[in-house]
Structures are given as C-alpha cells and as structure tokens.
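Biologist: Please give me a close look at one strand pairing in this model, and then carry the description on to other local details of the backbone and the packing.

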Amino acid sequence: MAVRTSPLAWLMVICFTSSMLVGCHGASDDRQLYIVYMGDLPKGDFSASRLHTNMLQHVVPSAASDALLYSYHRSFNGFAAKLTNKEAQKLRGKEGVVSVFLSQKKQLHTTRSWNFMGFSSRKVERSVIESDVVVGMLDTGIWPESESFNDRGFGPLPAKWKGTCQKSSNFTCNKKIIGARYYRADGVISPDDFKSPRDAEGHGSHTASTAAGGLVSKASLYGLAKGTARGGVPSARIAVYKICWSDGCYDADILAAFDDAIADGVDIISLSVGASSASEYFHDSIAIGAFHSMKNGVLTSNSAGNSGPDPASIDNFSPWSLSVAASTIDRKFVTKVKLGNGEIYEGTSINTFDLKEKMYPFIFGGVAPNTSQGFTSEDSRYCLAGTLNETLVKGKIVFCDYDSDRDGPIEGGGAVGAVYQYGGNKDYVSSHPLPLSNLNMDDGRVVFNYVNTTENPTATIFKSYVESNEFAPYVVSFSSRGPNPVTADILKPDLTAPGVDILAAWSEATSITETEYDNRIVPYNIISGTSMSCPHATGAAAYVKSFHPTWSPAAIKSALMTTAFQMSAKNNIEGEFAYGAGHINPALAAQPGLIYDAGEIDYIKFLCGQGYSPTYLKLITGNNSSCSEETNGTVWDLNYPSFALSATPGKSITRVFHRTVTNVGSAVSTYKSIVKAPPGLIIQVQPSVLSFKSLGQKQSFVVTVGAEVGNSMISGSLTWDDGLHQVRSPIVAYASLFE
C-alpha cells in the first residue's frame with residue numbers, strides 16, 4: 001500500500017514502489033491459487049501432504065499432486081492449491097474445512113524515535129535474557145551485511161530455537177540473524193528479486209533493524225537524522241521470513257511463513273502487511289496466522305494500514321493481534337527554495353542533494369508540454385511522466401502544480417530539480433531522485449507568479465535540514481483509522497507508535513527511492529508508514545517479553561496499551577479511532593501493575609457470541625469447543641484493555657462490560673478507580689476499589705456505560721491507580737457507521 005507522500009508517484013517508498021492492488025496468482029486454465037484453511041492440527045500422527053492430496057483428488061482427480069503448492073502442517077492445518085472456482089466451491093462443502101478463499105495480494109505498509117519515547121539505550125533497564133528473545137520478521141527479507149545485524153558479542157543460539165537458515169549462494173545467517181526462509185508458492189521470481197532471504201527492496205531490513213537492530217553510532221542519510229540507530233531490543237535475535245517480493249505479498253506465502261515461524265520458536269511476530277479491504281477473521285491469512293500464534297503463546301504485531309484518514313480504513317483488526325497506528329516524532333525536514341530575486345521559501349521534502357547555492361534557469365512545466373506525444377499544458381503543468389518536453393526542461397528547475405488525482409513522476413528529461421505547489425498532506429515527507437521541494441499553496445502562488453512574470457527566472461533548492469516538531473506526537477494523516485469494520489465494539493487500532501521519518505537499515509541492492517533514475521546506494525534510509533510504527537511496537541513487546549517470558553500475548557498487549565501515553569483529540573479529531581489507547585511507552589510497559597489477560601478460551605467465547613458455529617470452532621481450536629449458554633460470550637465481556645460501544649445515530653445506549661485484572665505489580669496493593677466521563681457519557685464501576693494480597697491474584701469488576709452519542713464519538717477513560725501504577729483504559733461510545 002502506497003502512502004501519498006508527494007506529487008511523485010514513484011516516491012511511495014513508505015511502503016513499496018509498485019502499486020500492489022489486490023490480485024491473485026492465475027493460470028492459463030483459469031486456475032487460481034486458493035487457500036483451504038482447516039483449523040488446528042489433528043490430534044496424533046498424520047501426514048499432511050497425504051491428507052491434502054486425498055482431498056484434492058476428489059475435486060482435481062487428474063492432477064492433485066501438481067495442484068498442491070503448500071501443505072500447512074507445523075502449527076495449523078490447511079493447504080494452498082491451484083483450483084478453478086468450481087473446484088474451490090466443492091472443497092468449501094467438505095467435512096473438516098473451515099474456509100476456502102483466494103490467495104490475494106497484500107501490500108506492505110511503508111535514530112531518534114526510541115529516545116523520543118523516553119526509551120534511551122543508556123537509561124532503560126535491560127533484561128538478562130533479552131538475547132534469548134527471538135523476533136520473527138515477515139517482510140521482504142533482510143540485508144545481512146548491515147551493521148545493524150552484526151553479531152559481535154552474541155553467545156550461542158537460544159536452546160529453544162528450532163528454525164533453520166535456508167541455504168542460498170548469496171545469504172548466510174549469524175548469531176544475530178539466527179533463521180531465514182523465503183516463500184514463493186508459484187516459484188516465479190522476478191530478475192529484480194533475490195531467490196533467497198536477501199532483501200532487494202529495503203523494507204524488510206528497515207523494519208527488522210527498527211524492532212531488534214543493534215546499536216550503530218553515527219548513522220544517517222547523507223548527514224540527515226544523524227545519531228545512533230538501534231532497535232527496541234538490540235540484544236534480541238532475528239528470524240527472517242521473506243514473504244514479499246517486487247510484485248507484492250501473497251496470502252499463501254504469508255500462511256506458510258506463520259506455519260514455520262510458530263513452530264520454529266519465535267517469541268514475537270512482526271508483520272507490516274495488509275489487504276486493501278476488510279475480510280472476516282477466518283478468511284484472512286493474517287488473522288488466521290495471528291490466531292494460531294496466540295494459541296502457541298506468540299503475539300503478532302500488525303501495522304494498521306496506510307489508508308487514512310478515512311474512517312474504518314484499518315487493515316488488521318483481529319482482537320488477538322496488536323494493531324499499530326503511526327505517529328510523528330519531534331523532528332521535521334525542511335527544504336528551502338531560493339529565487340533569483342533573493343526571496344527564500346521553506347518547503348518540505350527529504351533532499352540529500354546539495355546544489356551549492358548555484359542558480360539554475362526556472363521554468364513552469366505548463367509552458368513545456370511534450371506536444372510530439374500529444375500532451376498539452378494541462379498535462380505538463382503537473383509534470384506527469386512523459387508530458388514534459390525534454391529539450392525545454394533540460395538543465396532547469398521545473399515548477400509544477402499538484403493534483404492528487406493526477407500524481408506522476410517527473411522522470412528523466414534532464415531537469416535539475418522540481419518545485420511543487422503542493423496541496424497535499426504535509427505531515428510526512430519523502431525522498432526523490434532529484435532536488436525537490438514542496439511549497440504550501442500560498443508560497444506556491446507567489447513563486448508561480450515569479451516564474452511566469454520574470455524575464456529570466458532562476459532558482460535553487462537547498463539540501464534539507466532538521467527542525468523540531470513541537471506538536472509531536474500526533475497520528476499522521478496516512479495512518480488507517482477505526483472503527484473496527486468487522487467487530488464494531490472492539491476498539492481498533494490498539495495504540496500508536498513512531499512511524500514518520502524513521503531512519504533505519506536499508507538494502508544496498510536498491511536505491512533510496514527504489515527507482516531507475518536514482519543511483520544513491522545507502523546503508524540507512526529515512527521512510528514513513530505504519531510499516532515503521534509496527535516494528536516499534538514489536539520491539540516494545542519483545543522488551544516486555546524479555547522480563548516476563550511466561551506472559552501470554554494478551555498480557556503483553558495489555559501492558560503496552562494500559563501504560564501508553566495519553567493523546568489528545570485536539571491534534572487528531574478522530575480521537576481513539578486514530579490512536580487507540582495512546583502512544584506507546586516502552587519504559588513503563590514492563591511494569592504495568594495490572595494486566596487484562598485472555599487466552600484461547602476467551603476468544604472462543606467471543607467467537608461463539610459472534611455467531612461462529614460449533615463445528616467451525618472445533619476445527620479451529622482442535623478440541624471439543626462448543627457454544628452454549630455458558631460459553632456464548634458477548635463482545636463486551638472479552639477481557640480487552642479498552643472499552644467500545646456503538647449505537648444507532650441519535651439513540652441512547654447502555655452496555656455492561658465484565659473485566660478481570662491480574663496483579664503483576666506490588667503483592668499487597670489497593671487500586672482505586674478514577675473515571676473520566678464528559679457530558680453525554682455515564683460510567684459506573686463496581687466495585688470501585690480492588691484490593692490484592694498476592695502477585696497473580698485476579699479481581700473482577702463490572703463497568704456500566706451509558707451514552708447519548710448523537711452523530712459523533714464521546715471519549716472517556718477508566719484508570720486503576722495504586723499510587724505507583726496508573727492502569728488506564730479508554731472508553732469510547734460512537735455512532736455506528738454500519739447501521
């Protein structure tokens with residue numbers, strides 16, 4: 001998924017350079033790649049390939065073995081096969097099948113960020129077993145030679161590790177990168193990719209180093225954002241599962257990676273990938289993989305998506321995974337433009353080029369159309385690809401208009417640089433293969449007047465520099481918003497983390513902008529996206545795991561959510577639908593005081609209440625789970641660290657929430673409830689005081705929420721406070737979008 005970063009379409013390095021619209025593997029005989037999900041592993045010994053081949057023989061009798069591309073058998077049961085629509089329909093009716101769905105293409109969601117959160121490498125406490133934590137990265141691979149993945153000082157591999165380093169002529173693991181695999185169901189690999197876990201795109205190296213990269217001093221992008229690059233858990237190990245290629249990330253490969261990662265022994269899974277539309281939980285490869293990860297004690301950290309600020313645009317929203325939005329840090333990049341009349345204007349971009357203040361001829365793109373190809377000034381004014389007359393723009397800086405519906409690159413043509421009159425979002429920037437600055441509309445009009453009324457206009461573009469962003473943190477415009485499109489009363493996203501202008505490791509097989517016109521090869525790059533915020537949350541989760549290795553995924557998620565920095569709707573009008581519980585605060589998360597814990601049985605009760613059949617749930621869980629009055633739980637009773645209730649617009653509503661907290665703070669402690677309820681929201685907590693006599697003790701309470709929502713959202717909160725810990729949960733009531 002491409003974040004709208006600037007007028008240049010190829011600049012979508014935030015996530016990926018190709019458009020990656022949802023699609024699927026196809027074949028000349030109308031066969032497409034389908035996933036047949038069959039739930040948990042059967043009890044006892046079984047041959048997955050034999051079982052799956054036998055099933056296929058009933059629908060593809062002449063070529064069952066050829067149709068089968070993956071057998072999922074290490075952590076859950078299922079397979080991927082090339083089928084016609086009719087064959088897939090037959091399998092949907094087979095006993096033992098939970099769901100059958102197309103293997104669709106998903107897209108990637110793409111220094112100082114850890115210090116910005118008060119998580120300094122010098123001041124924060126470190127666990128003695130951090131080096132035993134294994135972070136599984138499902139992404140584009142990794143650049144193993146990066147200094148961020150140096151294994152100096154690392155001891156033997158963790159005894160629990162069962163993974164492998166897939167053999168390749170151009171890739172080796174070490175004691176930092178302890179496992180590496182790659183997946184491509186159809187076997188078709190572009191010449192631009194590596195047939196190995198090696199990263200050809202940069203994205204996977206960036207996310208891996210953000211989550212668990214080692215300390216690298218004096219890292220920068222041509223001097224910009226200079227400092228120490230590191231991950232949240234620098235001593236942790238990394239296991240790489242390459243699922244994304246130059247043409248996207250496919251469901252069949254994603255599930256194969258989950259199947260291996262869980263069985264290999266990773267502690268946390270990080271996945272900065274999502275679909276372009278919402279799917280029911282067990283028709284989505286990421287939700288399925290995350291469910292089985294949860295069953296095996298592994299938390300999955302997901303990016304929320306880059307489709308904001310539209311409501312209900314969030315991609316990953318299953319209650320058993322962590323959904324992470326993206327927010328700013330306290331720096332921004334400024335790129336000045338100087339005109340021949342001496343006037344200087346401040347624009348935005350990440351410009352590493354230094355023109356040495358040399359003045360160049362300045363031309364408006366609208367007066368230089370490529371008429372030989374049938375283009376007019378209405379095309380060339382936006383500097384779209386191929387619309388400019390190369391002879392007229394060569395050696396000059398080009399002034400361009402911006403139209404969000406007509407994004408396109410100023411490619412080739414010999415232009416020295418570009419200045420845009422930019423009407424898009426300015427809360428994030430990107431790099432370009434030539435000097436470029438985006439001016440605001442007011443300054444753009446002045447510069448437009450200069451370039452069109454001056455006899456010999458000239459201009460130059462300065463190298464970018466860093467300024468403080470005093471408004472940080474706030475959720476960036478591209479970050480996908482809630483509410484949850486499938487379960488309206490589960491608040492999503494869960495929290496937000498730094499995802500804007502993040503410096504981290506990069507692949508040296510590609511350029512800064514991943515375009516053919518860019519020859520800058522760098523070890524570290526600055527990009528933005530929820531792809532960047534997700535590994536920050538992953539690193540924080542791994543940090544908590546290093547102190548509490550026996551905690552469940554829900555316990556770790558609760559610790560991250562209830563200790564988050566509180567954010568304000570003043571900077572994000574969507575409130576909790578933008579930032580969830582708040583901004584991640586890793587330093588506090590390891591000692592949360594109380595946790596809202598949940599396990600497989602709690603999610604099964606939730607699924608019963610959502611209408612899933614006992615037959616399906618037995619397959620998904622692998623046991624005799626059944627939906628009864630006792631197990632048929634409501635969404636409001638899932639032991640979640642946040643509270644949400646939706647209502648018909650203009651109507652009043654009352655909901656009752658049952659919650660249980662576990663004491664992980666002081667053995668003997670008393671917590672008092674602190675309620676914040678604005679007009680229109682009534683919150684009652686019973687009991688209002690919780691007393692604990694030992695660690696691990698559980699206490700239950702009931703929260704009754706009444707609301708008159710009108711056509712908007714009302715936000716309140718419940719905080720349990722013992723004088724040392726403040727365990728805060730947001731409470732949100734809103735007018736449903738889905739009535």
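Modeller: Two strands are said to pair if DSSP finds at least two bridges between them. The model discussed here is a predicted one. With that criterion in hand, consider strand S2, residues 68-72, and strand S3, residues 78-83. These strands run antiparallel and are joined by four bridges, so the pairing criterion of at least two is met. Within this ladder, Leu68 of S2 has Ala81 of S3 as its bridge partner. The connection from S2 to S3 is a hairpin of five residues. As for the surroundings of S2, four of its five residues are buried, and therefore the strand is largely enclosed by the rest of the structure.

A second example of strand pairing occurs in an open sheet of four strands, where the order is S28-S30-S34-S32 and the pairing is antiparallel. The edges of this sheet are formed by S28 (594-595) and S32 (681-686), each of which pairs on one side only. Strand S28 is held to S30, residues 652-663, by two bridges, and these strands are antiparallel. Across that pairing, Ile595 stands opposite Thr662 of S30.

Strand S35, residues 713-721, contains Thr719. The relative accessibility of Thr719 is 12%, so this residue counts as buried, the cut-off for that term being under 20%. Leaving aside residues up to four places away in sequence, Thr719 is in contact with Lys672, Ser673 and Ile674, as well as with Gln726, Val727 and Arg728.

The backbone also deserves attention. Most residues other than glycine have a negative phi, and most peptide bonds are trans. Against that background, two cis peptide bonds may be examined together. One joins Gly482 to Pro483, with omega about 10°; another runs from Lys492 to Pro493, with omega near 0°. Pro483 belongs to the loop between strand S24 (465-468) and strand S25 (495-498), and Pro493 is likewise placed in the loop between S24 and S25.

Positive phi values provide a further pair of cases. Glu357, which is not a glycine, has phi near 65°, and this residue sits in the loop between strand S18 (344-348) and strand S19 (360-364). Its relative accessible area is 52%, so Glu357 is exposed, given that the term applies over 50%. Cys383, also not a glycine, has a positive phi of about 60°. Its position is the loop between helix H8 (377-380) and helix H9 (390-393). Unlike Glu357, which is exposed, Cys383 is buried, with a relative accessible area of 0%.

Finally, there is helix packing. Two packed helices are described by the angle between their axes and the distance between the axes. For helix H11 (residues 530-547) and helix H12 (residues 553-562), the angle is about 115° and the axes are 10 Å apart. H11 is therefore roughly perpendicular to H12. The crossing of H11 and H12 is right-handed. On the H11 side, the contact is made by Ala537, Ala540, Ala541, Val544 and Lys545, while H12 contributes Ile556, Ala559 and Leu560. By class, the residues of this contact comprise seven nonpolar, no polar and one charged.

Conventions:
Residues are numbered from 1 along each chain as its sequence is written. This is a predicted model: local features need pLDDT of at least 70, side-chain atom pairs count only at pLDDT 80 or more; totals for chains, interfaces and linings use all residues. Side-chain values use heavy atoms; hydrogens and water are left out. Buried means under 20% relative accessible area, exposed over 50%, partly exposed in between (1.4 Å probe, protein chains only). Contact means heavy atoms within 4.5 Å. Axes are lines fitted to C-alpha atoms, for helices over the stretch in contact, and angles run from 0 to 180 degrees between N-to-C directions. Angles under 35 degrees count as roughly parallel, over 145 as roughly antiparallel, 65 to 115 as roughly perpendicular and the rest as oblique. A crossing is left-handed if the near helix is turned anticlockwise from the far one by less than a right angle, and right-handed if clockwise. Ala, Val, Leu, Ile, Met, Phe, Trp, Tyr, Cys and Pro count as nonpolar, Asp, Glu, Lys and Arg as charged, and the others, Gly among them, as polar.
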